[in-house]
Each structure stands twice: as C-alpha cells, then as structure tokens.
Amino acid sequence: MDSFYKTGLRFSCTKCSRCCRGTPGVVFLTENDLSRLCGWAQLSREQFVQLYCHWIENEQGEEILSLRELQNYDCIFWKEGIGCEAYEARPVQCRTYPFWSQLLKDRAAWEHEKYRCPGLDSGAFHAESEIEAVRNYHEEQKREFIKRPKFRKSMQDSVD
C-alpha cells in the first residue's frame, strides 16, 4: 500500500508552541533523553527525576517515566518569551514530531494534526525516505522508554 506521503511532505516548526502547551499530553523519556536532560540541567538523575518527572501508566499497566506538565498543561520546560528552554536537550518524542506513526497512518490523521500545528504542509521538504527513517527511529525509541520496575510499584517512591 502506498503512503499518502510517497511524494514527500513539507514541515518546518513555526515555534508556535502548540505542541508544547495548553492541552494535556505526555512526553515519555528514554535513558538517552534522561541523560541529555540531566546534563542540560546539571542535575543528578535522582534530582532531575524528582524535580521534573512523574510516572504515567500506559494501556498495558506499565508505569513509564514522563516529564511533568504544569497545571495549565504546558510542558514543564516551556517558558513565555523563550519557548522550550531545554530545546537542545529535548526528548526524542519532541525531536521526531510530527513524523510519528499515528500522524502518518493516513492523510486524515495528518490533516487533523494541522489544526494544532501550522508548520505541517509548509516549509522544508522531507522525502518519503527521510520521513520513514524518523518514523522508524521514533518507533524504536518508544521501546526504550524508562519503565518503573514492577517490584518498586508497591514501594513508596520519591517521584510519585
């Protein structure tokens, strides 16, 4: 089956921040994400997790480490007048947007996302091979999300 993006897609971030704020969402972290963010924040792993993270249960009942969001649903790293203060260290989930499987499944999903993201179908051209490489990388990295060990679920943890 041919993809709707066989001839490529256009996307450039407009820095509107709609993907970072105002609506509920989760940003799951891999070990590489956590390491990058700890270096950026100049904090130990434990300090960073305690300050900026919490555990989110997925559909399979696993708890996955996620960045916290503020009460208004803004990403914890989004700042007025700056945008993402951790941009250079941002997680893979942020780095690979909008080339996620759920947004590439069909033209309707892509079109629906355009209501949220004005950068879709404008700006830089991305060939199908590039889109597929980013999509595949995102899918691989999803398997690397940090999961809370099951034996710790029953214990009080400092990141609850």
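Hi everyone, let's start with Asp121, which lies in strand β6, residues 120-126. Strands here are DSSP runs of E with at least two residues, helices are runs of H or I with at least four, and both are numbered from the N terminus. Before going on, please keep in mind that this is a predicted model, where local features need pLDDT of at least 70, side-chain atom pairs count only at pLDDT 80 or more, and totals for chains, interfaces and linings use all residues. Residues are numbered from 1 along each chain as its sequence is written, and side-chain values use heavy atoms, with hydrogens and water left out.

Back to Asp121. Its phi is positive, about 65 degrees, although Asp121 is not a glycine. Is Asp121 buried or exposed, or partly exposed? With a relative accessibility of 31%, Asp121 counts as partly exposed. For these words, buried means under 20% relative accessible area, exposed means over 50%, and partly exposed is in between, using a 1.4 Å probe and protein chains only.

Now please find Glu111, in helix α5, which covers residues 107-113. Glu111 is partly exposed too, at 32% relative accessibility. In sequence, Glu111 and Asp121 are 10 residues apart, and their C-alpha atoms are 9.1 Å apart in space.

That brings us to charged pairs. Side chains of opposite charge can pair when their charged atoms come close. We call it a salt bridge when a side-chain nitrogen of Lys or Arg is within 4 Å of a carboxyl oxygen of Asp or Glu. How many salt bridges does this rule give? The count comes to 13.

One of them is in the part of the chain we were just looking at: Glu113 pairs with Arg116, with the closest N and O atoms 3.1 Å apart. Salt bridges with shared partners also join Arg107, Glu111, Lys114 and Asp121 into one network. So our opening residue, Asp121, belongs to that network, and Glu111 does as well. As for the pair itself, Glu113 is buried, at 9% relative accessible area, while Arg116 is partly exposed, at 27%.

Next, a salt bridge between Lys147 and Glu62, where N and O are 3.4 Å apart. This one links distant parts of the chain: Lys147 is in the segment after α6 (128-142), Glu62 is in the loop between β2 (53-57) and β3 (63-67), and the two are 85 residues apart. Lys147 is partly exposed, with 40% relative accessible area, and Glu62 is partly exposed at 21%.

Then we have Glu63 and Arg148, whose salt bridge has its closest N and O atoms 3.5 Å apart. Here too distant parts are linked, with Glu63 in strand β3, Arg148 in the segment after α6, and their positions 85 residues apart in sequence. Glu63 is buried, at 15% relative accessibility, and Arg148 is buried at 6%.

Let's stay with β3. Why do we say that β3 is largely enclosed by the rest of the structure? Because 5 of its 5 residues are buried. In a regular strand the side chains alternate between the two faces of the sheet. In β3, both faces are covered: Glu63, Leu65 and Leu67 are buried on one side, and Ile64 and Ser66 are buried on the other.

Which strand is its partner? β3 pairs with β2 in the antiparallel sense over 5 bridges; strands are said to pair if DSSP finds at least two bridges between them. Across that pairing, Trp55 stands opposite Leu65 in β3. The two strands form a hairpin with 5 residues between them, and Gly61 in the turn has a positive phi of about 85 degrees.

Now for two helices. The axes of α1 (residues 31-41) and α2 (residues 45-52) come within 10 Å and cross at roughly 95 degrees. In α1, Glu31, Leu34, Leu37, Cys38 and Ala41 meet Arg45, Phe48 and Val49 in α2, where contact means heavy atoms within 4.5 Å.

Between these helices there is a loop, and Gln42 is found in it. Gln42 has a positive phi, near 55 degrees, and is a residue other than glycine. Gln42 is exposed, with a relative accessible area of 72%.

Finally, take a look at the peptide bond from Tyr97 to Pro98, which is cis, with omega near 5 degrees. Pro98 sits in the loop between α3 (92-95) and α4 (101-104). Thanks for listening!

Notes. Axes are lines fitted to C-alpha atoms, for helices over the stretch in contact, and angles run from 0 to 180 degrees between N-to-C directions.
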